[in-house]
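Trainee: I should like to learn how strands and surface features are read from a model. May we begin?

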Amino acid sequence: MKHVISVLMENEPGALSRVVGLFSARGYNIETLTVAPTEDATLSRLTVVTVGSDEVIEQITKHLNRLVDVVKVVDLTEGAHIERELMLIKVRAVGKEREEMKRMADIFRGRIIDVTDKSYTIELTGVQEKVQAFIDALDRSAILETVRTGVSGIGRGERILKI
């Protein structure tokens, strides 16, 4: 089962390396990883998407909590949460393809953010499945370049990750 784990950690050199090292040392796979400073400049928030049984996720959480740099760990998938991923995708858009690409962007509520004679760059935000569905709906030869951020997640309502 897919799990979205949020980690509040000290914004220090090497902290991210220690977290990633914990995963690789134990053979856990990271599907996506996003990290950025929080509203408190001394802390960063890391969001990891990984797949595993409840027992494996419990072990990951315990190991993360033992790291000195880690302040708090929450498995967002244990409760109501919101997750989003951002993708920038450059697609070929020549002749009849131009209108088709614009239509596809509109269907998926994407935005065309750059236009050239031969291409569009489209910004698309949503759950991983939506982003992947957009890619799957396109002709593979039309895709010139793709950049995805990975999942960012936050608890719904009053559920917050703070010290």
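Mentor: The discussion below turns to strand pairing, then to the surface. This is a predicted model in which local features need pLDDT of at least 70 and side-chain atom pairs count only at pLDDT 80 or more, while totals for chains, interfaces and linings use all residues. Residues are numbered from 1 along each chain as its sequence is written, and side-chain values use heavy atoms, with hydrogens and water left out.

Trainee: Which strands are joined to β7 by bridges?

Mentor: Helices (H or I, at least four residues) and strands (E, at least two) are DSSP runs, numbered from the N terminus. Two strands pair if DSSP finds at least two bridges between them. Here β5 (residues 81-92) runs antiparallel to β7 and is joined to it by eight bridges, with V91 opposite Y120. Strand β6 (residues 111-115) is also antiparallel to β7, through four bridges, and I112 stands opposite I122. Three residues separate β6 and β7 in a hairpin.

Trainee: Is strand β7 largely enclosed or open?

Mentor: A residue is buried under 20% relative accessible area, exposed over 50%, and partly exposed in between (1.4 Å probe, protein chains only). Strand β7 (residues 119-126) is largely enclosed by the rest of the structure, because six of its eight residues are buried.

Trainee: How is D136 placed, buried or partly exposed?

Mentor: D136 belongs to helix α4 (residues 128-137) and is partly exposed, at 48% relative accessibility. D136 and T146 are ten residues apart in sequence, and their C-alpha atoms are 13 Å apart in space.

Trainee: Where does L16 lie?

Mentor: L16 lies in helix α1 (residues 15-25); its relative accessible area is 32%, so L16 counts as partly exposed.
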